[in-house]
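Reader: Could you walk me through this structure, feature by feature? I'd like to learn how to read each one.

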Amino acid sequence: MLEPLNEGFLSRISDLLLCRWTCRHCCQKCYESSCCQSSEDEVEILGPFPAQTPPWLMASRGSDKDGDSVHTVSDVPLTPRTNSPDRRCSSSDTSKSTYSLTRRISSLEARRPSSPLIDIKPIEFGVLGAKKEPIQPSVLRRTYTPDDYFRKFEPRLYSLDGGSDDVDFLTDEEISSKYQLGMLHFSTQYDLLHNHLTVRVIEARDLPPPIAQDGARQDLAHSNPYVKVCLLPDQKNSKQTAVKRKTQRPVFEERYTFEIPFLEAQRRTLLLTVLDFDKFSRHCVIGKVAVPLCEVDLVKGGHWWKALIPSSQNEVELGELLLSLNYLPSAGRLNVDVIRAKQLLQTDVSQGSDPFVKIQLVHGLKLVKTKKTSFLRGTIDPFYNESFSFKVPQEELENASLVFTVFGHNMKSSNDFIGRIVIGQYSSGPSEANHWRRMLNTHRTAVGQWHSLRSRAECDRVSPASLEVT
């Protein structure tokens, strides 16, 4: 009696394990349940079987209890059985049932695409009422290939023979011996009581001899150095020392004050540029020193000797000019206000410059009118506040151009050219064209703007009106 019961129990267990389809209503095998009439009631079990026990298994357990015999999986002998006729018959019956089961499963697999797929979670065993921790879905991360990894490198950052030399890791002695541009002595001190930074330019030494830009330079043995001081990124509000004549070891001893908050000062970079004055050509940049103020103790202050390094700024700025334009259509008058200029190129080695501004009206390519301001002695930051008026009919306004030229007054010879801009039909640059456009769009309203001065050659190249004036 034990062996048939064991074989029946094992047969049902094997059917349960082999079958992947059940009915959602009665939890019986799909090929034995009577409630499954359509493919809509068939689902695929992707996880373990539900926790509840199927009815047919409960019936099997009940029959086992009635026979006063308890059989478990562990009671099944694991040793191989001897071949006997009865056992061969039972094995043949089992193989037949297995073949029938395989055939029915294959027929169900053919109907699988039309059946809805429901993913059932695995059975969770635990204490009832225990708090479950939420499981976060895993984030899909992109797998990087070696090509993607090395594509982010920029070879120019690791090049040893780059165009710009890195001097961050060189000492002042190494920089001085490498470039041989000389040394600069200066100091800084921040006043917390008055909220200003004081920069003191003391002296320089071992400056190189001047380079002859043309044949007009007579003395090639000595330089005429001076220093420009600014706090980057603001290069407009710069300071300038006096020019020291014919010396390679100039002593300046000049102090400059910058009104700036302490936190803002720590974000700036102190730039000191040493230049060589040349009356007959453009001033030459000898070298520069850049000191990030966040790296020094501003309150305590200090003195430094720093080696000069080459500057990428080969051309010296010529200065800036503040102008205001206003047009009155009813009167046909173009009003021009020359307000001030700052950081003009120094034209006199001893007393700075005596600058003045010449204003010339050009209609088309014809010079119509010329006016000029008074000259101010010994300054590179002149204040003029002078107004001029030109008669320009409204129909001729679009063809008009204003040429502003800054000169240094010279009583012994011709005036020294400093810089020029053109505003109007033939503007010398985008800034000048924008100022003229704003004036045309706002009649009867004064429009002011700062302009950077340009060289004569640059204006002649882009503006035909510049060629018509002297």
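Author: Happily. The accessible surface of the protein comes to about 28700 Å², and carbon and sulfur atoms hold 54% of that surface. Please keep in mind that this is a predicted model. Of its 470 residues, 39% count as buried.

Reader: How many helices and strands does the protein have?

Author: The protein has nine helices and 19 strands. For contacts with a separation of 6 or more, 65% are between residues 24 or more positions apart.

Reader: Let's take one strand, then. Is β17 enclosed or open?

Author: The idea is to go through a strand residue by residue and ask whether each one is buried. In strand β17, residues 400-408, nine of the nine residues are buried, so this strand is largely enclosed by the rest of the structure. You can also follow the side chains: A400, L402, F404, V406 and G408 point one way, while S401, V403, T405 and F407 point the other way. Residues on both sides are buried.

Reader: Which strands pair with β17?

Author: Strand β14, residues 355-363, is joined to β17 by nine bridges, and the two run antiparallel. Within that pairing, A400 of β17 stands opposite H363. Strand β18, residues 416-424, also pairs with β17 in the antiparallel sense, over eight bridges. There, V403 has V422 of β18 as its bridge partner.

Reader: Now the aromatic residues. How do I describe a pair of rings?

Author: Two quantities describe a pair of aromatic rings: the distance of the centres and the angle of the planes. This structure holds four aromatic pairs. One of them is formed by Y190 and F262, and it is edge-to-face, with 5.2 Å centre to centre and 65° between the planes. Y190 lies in strand β4 (residues 183-191) and F262 in helix α6 (residues 262-266), so this pair ties together parts that are 72 residues apart in sequence. Y190 counts as buried because its relative accessibility is 2%, whereas F262 is partly exposed, with a relative accessible area of 24%.

Reader: And what geometry do the rings of F356 and F407 have?

Author: Their centres are 5.8 Å apart and their planes are at 25°, so the pair is stacked. With F356 in strand β14 and F407 in strand β17, the pair ties together parts that are 51 residues apart in sequence. At 4% relative accessibility, F356 counts as buried, and F407 is buried as well, with a relative accessible area of 8%. Ring pairs also link F356, F407 and F417 into a cluster.

Reader: Which charged residues sit over rings of that cluster?

Author: Here you look for a charged group placed over the face of a ring. K372 lies over the face of F356, at 5.6 Å from the ring centre. For F417, the charged end of R456 sits over the ring, 4.3 Å from its centre.

Reader: That brings me to charge with charge. How many salt bridges does the structure hold?

Author: There are seven salt bridges. To read one, find the closest N and O atoms of the two side chains, then check how exposed each partner is. E264 and R267 form a salt bridge in which those atoms are 2.9 Å apart. E264 also forms a salt bridge with R268, again with the closest N and O atoms 2.9 Å apart. The burial differs along this set: R267 counts as exposed at 61% relative accessibility, E264 as partly exposed at 24%, and R268 as buried at 17%.

Reader: Where do the partners E320 and K342 lie?

Author: The side chains of E320 and K342 meet in a salt bridge at 3.8 Å, N to O. E320 lies in strand β12 (residues 320-328) and K342 in strand β13 (residues 333-342), so the pair ties together parts that are 22 residues apart in sequence. Both E320 and K342 are buried. Returning to the other set, salt bridges that share partners join E264, R267 and R268 into one network.

Reader: One last residue: is E259 buried or exposed?

Author: E259, in strand β8 (residues 251-259), counts as exposed at 63% relative accessibility. An exposed residue can still have contacts with residues from elsewhere in the sequence, and here E259 touches H194, N195 and H196, not counting residues up to four places away in sequence. E259 and N195 are 64 residues apart in sequence, and 6.5 Å apart in space, C-alpha to C-alpha.

Terms used. Residues are numbered from 1 along each chain as its sequence is written. This is a predicted model: local features need pLDDT of at least 70, side-chain atom pairs count only at pLDDT 80 or more; totals for chains, interfaces and linings use all residues. Side-chain values use heavy atoms; hydrogens and water are left out. Buried means under 20% relative accessible area, exposed over 50%, partly exposed in between (1.4 Å probe, protein chains only). Helices (H or I, at least four residues) and strands (E, at least two) are DSSP runs, numbered from the N terminus. Two strands pair if DSSP finds at least two bridges between them. Contact means heavy atoms within 4.5 Å. A salt bridge is a side-chain nitrogen of Lys or Arg within 4 Å of a carboxyl oxygen of Asp or Glu. Accessible areas come from the Shrake-Rupley method with a 1.4 Å probe; for residues, only the protein chains shown count as cover. Rings of Phe, Tyr and Trp (its six-membered ring) pair if their centres lie within 6.5 Å; planes under 30 degrees apart count as stacked, over 60 as edge-to-face and the rest as tilted. A charge sits over a ring if NZ of Lys or CZ of Arg is within 6 Å of the ring centre and within 35 degrees of the ring normal.
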